[in-house]
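Me: Please talk me through this one, a piece at a time. I'll interrupt with questions as we go.

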Amino acid sequence: MRGHAMLLGLRIPGSSPVHRAPLWAKYAVLAGAGTVLVLWRGPWTALAALVLSLLLYALAGRRVLAAWAGPLRSLWWLLALLAAHQWWLNGPAGALSVVGTMVASLQLARLLLLTTAQADLVDGLARAARPLRFVGADPEAFALAVALMLRSIPAVVGAMQDVGDAARARGLGRNPVALAAPVVVSTVAFAHQTGDALAARGILDRDPRDP
Amino acid sequence: MISFHAASVAVPAALPGDPDRVLLRPTTLELSERRIAVIGCNGSGKSTLLRLLNGLVRPTSGAVAVDGLDSVRDVRRLRGHVGFLFTDPLSQLVMPVVVEDVELSLKATVRDRRARRAAALDALAAVGLEHLAERSVHDLSGGERQLVALASVLAAGQRVLVADEPTTLLDLRNNALLQRTLFGTLEGQVSQVVYATHDLDFAARADRLLVVDNGAVAYDGAAPAGVEAYRRLALGSVGSGDGSPAGFRSGSC
């Protein structure tokens, strides 16, 4: 099975103030900007948030700044369509406000992923999920499940490509319904292997008396 | 010391009324050699034999123990003592960045984050991969991935390594590198290596060799003679040089 790099962009290592900022501060900026963008929606707020995202990317370093435009290259047609639609309905200010808000939120959320190690994200998630303990769930297991889900997306994409290639090699068409079954089978097999590997490494094996 | 006491594995038959399917017949073994190779045909029970050593498969009857740790009763401590390496490193690596994956193995034992990072870097250095610590696991070559997986499964200080066809997906160069790492670089940390393989040159480097056939150990002894026994078993008594179809039919594979 093939592996694929993450869609939203993997972390770019660095030691900038943005990289070193604690996780809660990053989330606070993200939540704060998101709230402001929703409550005071308008072209100026959107523009300000876009500038803020550029400033923060620049603060995070040259390589992170270079990654700013990444998702726009594949999403530009969607944004252009949306902008045209909004322009027609609400005029240029409306278009700027809707598209600008979307792009700014996307960029700020990406910045969190680009500058934070996934181990830190998972640790943070485990901390945030601590209240789950009161309903009998294990916050560490919850965080690991999310990490596994993130990692499985590229694996499933790889399985789809493999199955598609195999079908074409046999001269079969790319009927999505016919391809679904082998993709599910190979995904389940992958999940099984992953489960075995986790068990073999003793991950999540904890002494029950351990706090 | 690895010991099997009349350990067997059977799974319930697919149809009710049929006899249970036996994956491993009652097997008694005492393995104390440093390098132990397990060879045999596809579906012969090699993997089942290896999986017993880490508690991934429980014996249906009998018992398996490694250095006194029972594979059912002491399974948690056993997994801290026996690392298990799979064929496909991608199904084994969980985190997207090399050092984070190694850290995951240490989570249960090392609480402090900084100490955990340092221990993970040590584990990578032990297989000569410290320069890859910050890389994405998707950017590595197959051989590098397998070595990262090796560092991960041994990170918590495991002294015994069980490897199920660890070189099958590797090219010649990476195959040699993995063998060098297993038998050279890690000699100090790992006291015993048990590996299944279809690479007969790799198998011949073992101190003791087991040929598994049809759920039972068919040969147990020195490696070169064992490889010959396996050739006869797989290709028939005429040997591999003949290549006649009749020779293939007479083998038990």
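Reply: A word on terms before anything else: two strands are taken to pair if DSSP finds at least two bridges between them, and the elements themselves are DSSP runs numbered from the N terminus, with helices being H or I runs of at least four residues and strands E runs of at least two. This is a predicted model, in which local features need pLDDT of at least 70 and side-chain atom pairs count only at pLDDT 80 or more, while totals for chains, interfaces and linings use all residues. Residues are numbered from 1 along each chain as its sequence is written, chains are lettered from A and ligands numbered from 1 in the order in which they are written, and side-chain values use heavy atoms, leaving out hydrogens and water.

Me: OK, strand 9 of chain B: how many bridges join it to strand 10, and which way do they run?

Reply: Five bridges join strand 9 of chain B to strand 10 of chain B, and the two run antiparallel. Within that pairing, B:Val212 has B:Val217 of strand 10 as its bridge partner. The hairpin they form has two residues between the strands, and B:Asn214 takes a positive phi near 55° there.

Me: And what about strand 3 of chain B?

Reply: Strand 3 of chain B is joined to strand 9 of chain B by five bridges as well, but these two strands run parallel; B:Ile39 stands opposite B:Val211 of strand 9.

Me: Are the residues of strand 9 of chain B buried, or not?

Reply: Six of the six residues of strand 9 of chain B are buried, where buried means under 20% relative accessible area, exposed means over 50%, and partly exposed lies in between (1.4 Å probe, protein chains only). Both faces are covered, with B:Arg208, B:Leu210 and B:Val212 on one side and B:Leu209, B:Val211 and B:Asp213 on the other.

Me: What does B:Leu209 touch?

Reply: B:Leu209, which has 0% relative accessibility, touches residues including B:Ala37, B:Ile39, B:Ala203, B:Tyr219, B:Ala223, B:Gly226 and B:Val227, residues up to four places away in sequence not being counted; contact here means heavy atoms within 4.5 Å. B:Leu209 is also among the five residues that touch the most other members of the largest nonpolar core, which has 50 residues, alongside B:Leu124, B:Leu150, B:Leu161 and B:Tyr195. Such a core is a set of buried Ala, Val, Leu, Ile, Met, Phe, Trp, Tyr and Cys residues joined through side-chain atoms within 4.5 Å.

Me: Right, helix 9 of chain B. What does its buried side pack against?

Reply: Helix 9 of chain B covers residues 223–235 and reaches 18 Å from first C-alpha to last, close to the 18 Å expected, the expected span being 1.5 Å times one less than the number of residues. Its buried residues are B:Ala223, B:Gly226, B:Val227, B:Ala229, B:Tyr230 and B:Ala234. Seen down the axis, they fall within an arc of 160°, so they line one face of the helix; the arc is that of the directions from the helix axis to the C-beta atoms. These residues pack against strand 3, helix 8, strand 9 and strand 10 of chain B. Just after the helix, B:Gly236 takes a positive phi of about 90°.

Me: Switching topic: how many salt bridges are there over all chains?

Reply: There are 11 over all chains, counting a side-chain nitrogen of Lys or Arg within 4 Å of a carboxyl oxygen of Asp or Glu.

Me: Which residues does the network around B:Glu103 link?

Reply: The network links A:Asp120, B:Glu103, B:Arg113, B:Arg117 and B:Glu134. B:Glu103 meets B:Arg113 at 3.7 Å, N to O; B:Glu103 lies in helix 4 of chain B and B:Arg113 in helix 5, so the pair ties together parts that are 10 residues apart in sequence. B:Glu103 also pairs with B:Arg117, the closest N and O atoms being 2.5 Å apart, and B:Glu134 pairs with B:Arg117 at 3.3 Å.

Me: Which of these are buried and which partly exposed?

Reply: B:Glu103 is buried at 2% relative accessible area, whereas B:Arg113 is partly exposed at 31%, as are B:Arg117 at 25% and B:Glu134 at 37%.
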